[in-house]
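Me: I'd like to learn how to read a few features of a model. Could you take me through them one at a time?

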Amino acid sequence: MKRQWRKIWFSCMGLALLEVSVQAQTCDWVSSCEGKTWTQNKVKLQTKAEGTAADLSVDKGDSVVVFKAWGTCFNELGWDALNVLPSNEKEEILRKLFSPEGDLRFTLGRFPMNANDFSRNWYSCDEVPGDFELKHFNIDRDKTSLVPYIKSAQRYNPNMTFWISPWSPPSWMKINQDYPVRSDKYNTMHPAKDYYLQGNKGPKTEGVFPAELAETDFFIQDPRYLSAYANFFCKFVSAYKELNIPIKMVMFQNESWSYTPYPGCAWTPEGIIRFNVEYLAPALKKAHPDVKLYFGTINTNRYEIIEKVLDDPRIPETIQGIGLQWEGGQLLTRLRAKYPNYNYVQTESECGWGSFDWKAAEHTFHLMNHYLGNGCEEYTFWNPILADEGVSPWGWKQNALIRVDSKQAKAIFTPEYYAVKHYTRFLMPGTKVLAFKPTGEDKKPVLVVQTPKGRTVVVAGNFQDSPQQLTVKLGEKWLNVTLQAHSFNTFEFQVK
């Protein structure tokens, strides 16, 4: 009788071990194509490649960076779009965006200090000329939209943290005494004031952005102004701290190299160094020592300009990290190679031109692969939600992850939403990026990561017009699968 039970026991254990072995070689596969999103399947890992060389090989010990956070931006027009929807649908979207159990699971928020290009119009927290003591400083305007928007997100994730940058200082702190950098039909700046930009530009250089570089600081380089502006940052952080909205990181300026008709400010390397080193960093250290100062947001591919700032011997003691967006992303690998001791973050996913189509989604998928694969530990998306054509008060139509039809009070999840979900749903804070393959000529980006839970995740796209074979070597195992044309794919499994 004992022998019989022992035989049955070993038989059951054998079946159990076989089941574990099979499970260890099977992974979950989620794919999305245009018109057919989030299809769930399973695929088995193999012990060898199937006829092709590996697109990517990952060996034990490989590591690029530990990823920390997905984030998004809080802007007035996004809040307006949300409030078009019925309350139950509004709450469901907030849950999908910010809940730890939602789709996109954002844990990081960015919002502007003063108005940005997706505010309803221009404003600042102190538009009283000559108020160097900032007696008239307030965030009253923010309390009508930005604060309720942020508080709504915090209901779903109370542990969110935030970072800020201005698009423009108060207009009276600038040499042109206005919020844009250049005149346009969408603002009221007098065209004669364009001299401050056009009369102070360097020679035109093809193949870089901007082609003509402003050689004058638009912020007034007077100690009274510089000191008041540094204190302005500190008062802003304090005002939000009182509302239990923790600002953990500051960048001195959004896109110093975009010479905009909407809120903006051009800076030279000398002005950037002076303000950050001599004024902003000391003020923050005194008033908010827990707030980090990053150099950003960098949106130029003129390497020599950024190098000039970073090579100042005082900068390493001033900044803790570097923030890149748009053309700045082209410098990422080069900057990390020369300046490896900084933390690198992506600060604004590119917003396109209001197409809301699959091609725009593929571009965003590519950007996530590029920034994470090249060592960025945080990734911030731009507007998560916009109404109708996604147009700003300054005439720029932009994409968003969710589009609201204001006439029907209906939310539409765009292709870009699913491109993002293929990453954010699986890559949590603490995920180790192991290896990546850039989009390249074969239009097939691949990223391999390991989550804190020990799961291995492969995120891959196929942007070609025909199905393509994907082969990834994962230690002793192989992922061999055919990716559908113009598809996003995520594979998740436990490698033994």
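Reply: We'll go through a pocket, a helix, the cysteines and a loop residue. This is a predicted model, where local features need pLDDT of at least 70 and side-chain atom pairs count only at pLDDT 80 or more, while totals for chains, interfaces and linings use all residues. Residues are numbered from 1 along each chain as its sequence is written, and side-chain values use heavy atoms, with hydrogens and water left out.

Me: What volume does the largest pocket have, and which residues are closest to its centre?

Reply: On a 1 Å grid over the protein atoms alone, a pocket is an open set of points where a 1.4 Å probe fits, with protein on both sides within 12 Å along at least five of seven lines; lining residues have an atom within 4 Å of a point. Points are joined across faces, edges and corners, and the volume is the space filled by probe spheres set on them. Here the largest pocket comes to about 520 Å³. It is lined by 31 residues, and Phe209, Ser258, Thr260, Tyr262 and Trp396 are the closest to its centre.

Me: Is helix α10 largely enclosed or exposed?

Reply: Helices are DSSP runs (H or I, at least four residues), numbered from the N terminus; strands are E runs of at least two. Buried means under 20% relative accessible area, exposed over 50%, partly exposed in between, using a 1.4 Å probe and protein chains only. In α10, 12 of the 16 residues are buried, so the rest of the structure largely encloses it. Among them are Trp358, Phe365, Met368 and Tyr371. Just after α10, Gly375 has a positive phi of about 105°.

Me: How many disulfides are there, and why doesn't Cys234 form one?

Reply: A disulfide is a covalent bond between the sulfur atoms of two cysteines. The rule asks for a pair of cysteine sulfur atoms within 2.5 Å, and the count is zero. For Cys234, the closest cysteine sulfur belongs to Cys125 and lies 14 Å away, too far for a bond. Cys351 is likewise out of reach, because its closest cysteine sulfur, in Cys73, is 10 Å off. Cys234 is buried at 7% relative accessibility, and Cys351 is buried at 2%.

Me: Where does Asp465 sit, and what does it touch?

Reply: Look in the loop between β18 (456-462) and β19 (468-474). Asp465 is exposed, with 70% relative accessible area. Contact means heavy atoms within 4.5 Å; leaving aside residues up to four places away in sequence, Asp465 touches Ala485 and His486.
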